[in-house]
Amino acid sequence: MSTTTHPTPQAAITVHGPVALITLEAPPVNALGQSVRQLLANALEEIRAHQAIRAVVLTGTDRAFSAGADITEFGGTTTGITLPELVDRLEDFPVPVTAAIAGVALGGGLELAMAAHSRVAHPDATLGLPEITLGIIPGAGGTGMLPRLVGAERAVDMILSGRRIGTTTAVEYGLVDAVLHSGDFAGAAVAWAASRLPATPGPTEGAPTPGPATPTRTRDRTEKIADAAARPGTIAKLASGPLRKAKDPYAARAAVEAITAGIEEEFDAGATAERRLFLERVASPEAAAQRHLFAAERATRKPAGLDATSARDIGQAAVIGAGTMGGGIALALATAGVPVIVVETRQEALDHGLAQVRRNLDVSVSHGSRTSGQADEQFARITGTLDYADLAAADLVVEAAFEDLDVKKDIFARLDANTRPDAVLATNTSYLDVDAIAATVADPGRVLGMHFFSPANVMELVEVVRGARTTPQTLATAVALGRRLGKCPVVVGVCHGFVGNRMLEVRGRQAEALLLEGALPGQVDDVLTGFGFRMGPFAMADMAGLDIGWRNRTSQGTTAPVSDALCEAGRFGQKTGSGFFAYDGRERSDDPETTRIIERVSAEQGIDRRDIGSEEILERLLYPMVNEGGRILAEGIAERPGDIDVIWVKGYNWPAYRGGPMFHAEAVGRGHVAERLVHHAEATGDETLRPVAWLTAPGGVDGAGAPR
Ligand code: CAA
């Protein structure tokens with residue numbers, strides 16, 4: 001976390017007739033750290049002493065009601081009042097409490113709001129229990145309260161996915177009682193609370209729409225869980241789908257256990273189970289990994305030399321190429337509200353590309369993630385052309401053409417001639433030399449890489465490749481655009497494959513070597529899926545198509561003996577029904593023919609095949625990647641180990657609960673990784689496996705790769 005200083009937190013009380021308003025201001029996001037919890041507890045005590053107060057409104061700032069527990073406190077010891085205790089005090093408060101939510105109400109913040117007796121929200125509020133994305137579960141009654149407010153099915157979905165919902169959905173779910181549109185949000189919330197004062201005798205007797213005499217606690221609202229409570233096994237059934245999709249199976253299983261106890265037993269039993277499981281998860285290595293990623297992702301937003309304020313606004317973008325990548329990038333831009341011109345060389349290719357974009361939009365409408373009105377509006381932002389002269393109005397161009405240096409150089413020369421001299425020019429190359437491409441433009445300062453991942457409208461990662469001459473303003477503009485697209489831009493330097501693909505190649509080389517030495521594709525893939533990857537390297541290669549790599553190797557004069565032999569046999573992967581595996585549709589199985597080919601190639605290479613254990617497979621796949629990461633840091637291609645971790649988690653499905661390759665090396669010990677690499681270098685004779693300074697230097701090396 002950064003060291004930005006913020007004003008001292010406050011929980012100010014103002015009294016408006018019979019209603020007391022508590023306004024929490026603990027910048028930046030009203031996280032509920034120890035001092036903030038105490039401030040709220042003190043405010044409640046102070047109000048409790050005033051007989052004339054008949055209702056309380058608790059609100060935050062425009063940005064945040066509260067972003068939940070203070071993540072930086074996890075892993076330390078809790079002092080003072082705990083969040084569950086604060087939640088208990090709120091729900092047992094003698095007069096009704098209304099949570100008035102503007103900005104975010106997340107995690108413990110939403111739990112606090114749910115413990116209030118009613119909730120009102122600003123139209124732009126965001127609510128959710130995202131704990132699972134931090135490897136934990138709600139820890140202050142959330143697993144019991146949410147089902148009572150929204151029903152079991154929606155609660156299971158929200159808790160297991162960590163999904164955040166907007167005000168409209170929250171009202172539909174019953175999580176929010178009213179939307180307040182007023183410019184004076186807090187004032188409107190006070191008026192709303194005053195209009196619902198209990199019909200008990202008192203100074204404001206006869207209020208227009210009286211509320212109940214005693215506030216109803218959320219824990220006592222059982223109508224929405226009655227069915228699930230009456231049918232044991234309902235939660236297990238509802239959770240089976242989300243559990244399969246859960247990114248952190250450990251936290252997901254813990255959440256299901258707590259929700260089940262809170263419904264099938266009773267609220268208190270659930271709260272006890274929840275607390276136990278919460279504490280267990282908070283202390284787990286999986287949660288530590290995800291906290292690391294939370295901080296690492298935020299750190300990527302602050303690359304050295306980036307002046308975010310210098311970013312230029314993009315009013316008109318353009319994309320060169322209407323293929324899969326170009327179409328995906330155009331869709332990402334249009335979705336974010338940026339008008340985009342797509343340039344192709346042939347009308348047929350343009351029509352085909354735009355039709356594919358339209359199909360993708362239609363699919364998302366049928367899945368309910370867009371309305372058809374939104375899809376039409378977004379598609380209308382995309383125009384096609386065959387004429388580079390139409391790029392005169394573009395503020396930024398992303399080139400997503402064929403991966404060939406000469407093709408790209410030619411395109412950039414044309415961009416130089418047809419775009420404004422201050423337009424940013426980005427290449428989506430995945431491997432090529434961004435500086436060589438930039439050299440074809442009169443002002444290389446306006447050139448950089450924006451390496452999107454497929455499907456570009458879905459995948460969050462963008463490697464923003466800073467060339468040797470890229471200006472700070474060009475860099476800031478690309479990063480700001482990446483964020484505007486809702487993506488996670490990570491700044492990297494120029495080298496073959498940048499960070500992600502360079503490390504992927506290293507893993508690929510080891511995977512091939514393992515096949516030659518004695519392993520089989522299914523065995524290798526199982527080890528990686530067992531580690532937590534969704535897919536192993538060979539299933540991934542089959543999906544992408546083996547012919548692409550084969551063609552590249554042939555043109556570069558390099559080889560990958562097993563992959564090459566499979567291609568020579570016409571086995572290009574899923575699309576030809578066989579590759580490393582055999583396919584029946586998408587169904588994958590081990591293929592004896594692959595085994596025969598592998599054994600033949602091993603024999604041709606004079607290799608005596610041997611049994612290779614899972615541990616060796618895992619080490620040989622992962623540790624060389626870490627080693628390459630060390631080289632990448634030493635060369636300054638990535639600024640921090642955390643940047644590499646974010647790239648691998650967001651772009652290559654490294655399991656978040658294992659924190660990324662560099663975090664994993666820290667977790668098992670850099671010294672241990674170094675030792676095992678020495679062992680494998682000696683056993684295989686592969687000198688590239690010798691550990692680099694990041695692993696061996698005493699005390700490690702700092703983020704820039706220099707020995708500390
Ligand atoms: N605790 C501590 N710090 C937090 C925080 C939290 N819960 N949430 C955000 N911050 C910090 C960020 O680290 C960042 O700090 P720096 O400026 O020093 O980098 C700052 O607040 C601003 O955050 P963002 O840069 O992320 O700003 P944003 O506007 O893009 O997003 C946000 C704001 C939506 C709140 C986002 O930060 C977020 O999603 N936060 C995490 C929310 C969350 O997961 N809450 C659950 C916590 S666990 C819990 O509550 C358990 C429980 O039940 C007891």
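These are my notebook entries on what I looked up in this structure, which is a predicted model.

**Entry 1: the ligand and its surroundings**

I began with the ligand and looked for the residues around it, and I found 30 of them, the closest being A67, G108, E111, R298 and K302. Sorted by class, this shell holds 16 nonpolar, 5 polar and 9 charged residues.

I then went through individual polar contacts of the ligand. With E111, a polar atom of the side chain sits 2.6 Å from an oxygen atom of the ligand, and with R298 I read 2.7 Å between a polar side-chain atom and a ligand oxygen. For A69 the contact is made by the backbone instead, where a polar atom is 2.8 Å from a nitrogen atom of the ligand. I also noted the area of the ligand, which exposes 980 Å² when taken alone, and of which the protein buries 84%.

Which elements give two or more residues to the shell around the ligand? I listed strand β6 (104-106) and the helices α3 (108-115) and α12 (285-300).

**Entry 2: the ring pair of Y250 and Y657**

Next I turned to the aromatic rings, for which the count comes to 10 pairs. The pair I opened to begin with was Y250 and Y657, whose ring centres are 5.5 Å apart and whose planes stand at 80°, an edge-to-face arrangement. I placed Y250 in helix α10 (residues 249-264) and Y657 in the loop between α26 (641-652) and α27 (661-668), so this pair ties together parts that are 407 residues apart in sequence.

Are the two partners buried or exposed? Y250 comes out as partly exposed, at 30% relative accessibility, whereas Y657 has a relative accessible area of 10% and is buried, because the cut-off for that term is under 20%. While I was at Y250 I also noted R253, which lies over the face of the Y250 ring at 5.6 Å from its centre.

**Entry 3: F533, W654 and the ring cluster**

I moved on to F533 and W654, whose ring centres are 5.4 Å apart with the planes at 75°; the pair is edge-to-face because that angle is over 60 degrees. Here too the pair links distant parts of the chain, with F533 in the loop between α20 (521-531) and α21 (537-544) and W654 in the loop between α26 and α27, 121 residues away. Both F533 and W654 are buried.

I followed the ring pairs outward from there and found that they link F453, F531, F533, W648, Y652 and W654 into a cluster. A charged side chain also sits at F533, since R507 lies over the face of this ring, at 5.3 Å from the ring centre.

**Entry 4: backbone geometry**

I checked the backbone for cis peptide bonds and wrote down the one from P27 to P28, with omega near 5°, where P28 belongs to the loop between β2 (19-25) and α1 (34-48). I wrote down another from S454 to P455, with omega near -5°, and P455 is in the loop between β16 (447-452) and β17 (461-466).

I also looked for positive phi values outside glycine. F498 has phi near 55° and sits in the loop between β18 (488-493) and α19 (500-517), where its relative accessible area is 0% and the residue is therefore buried. N653 has a positive phi of about 60° without being a glycine, and I found N653 in the loop between α26 and α27. With a relative accessible area of 43%, N653 counts as partly exposed.

**Entry 5: T218 and G530**

My last lookups were T218 and G530. T218 is in the loop between α7 (185-195) and α8 (226-230), and with a relative accessible area of 1% this residue is buried. What lies 2.5 Å from a polar atom of the T218 side chain? I found the backbone oxygen of M114 there.

G530 belongs to helix α20 and is exposed, with a relative accessible area of 58%. Between G530 and T218 I noted 312 residues in sequence and 41 Å in space, taken from C-alpha to C-alpha.

How values were computed. Residues numbered from 1 in each chain as written. Predicted model: local features only at pLDDT ≥ 70, side-chain atom pairs only at ≥ 80, totals over all residues. Heavy atoms only, no water. Near = heavy atom within 4 Å. Polar contact = N/O pair within 3.5 Å; in protein donor to acceptor, adjacent residues only side chain to side chain. Areas by Shrake-Rupley, 256 points an atom, 1.4 Å probe, with all protein chains shown as cover. Helix = DSSP H or I, 4+ residues; strand = E, 2+ residues; numbered from the N terminus. Nonpolar A, V, L, I, M, F, W, Y, C, P; charged D, E, K, R; others polar. Phe/Tyr/Trp six-rings, centres within 6.5 Å; stacked < 30°, edge-to-face > 60°. Buried < 20%, exposed > 50% of the residue type's maximum accessible area, 1.4 Å probe, protein only. Lys NZ or Arg CZ within 6 Å of the ring centre and 35° of its normal.
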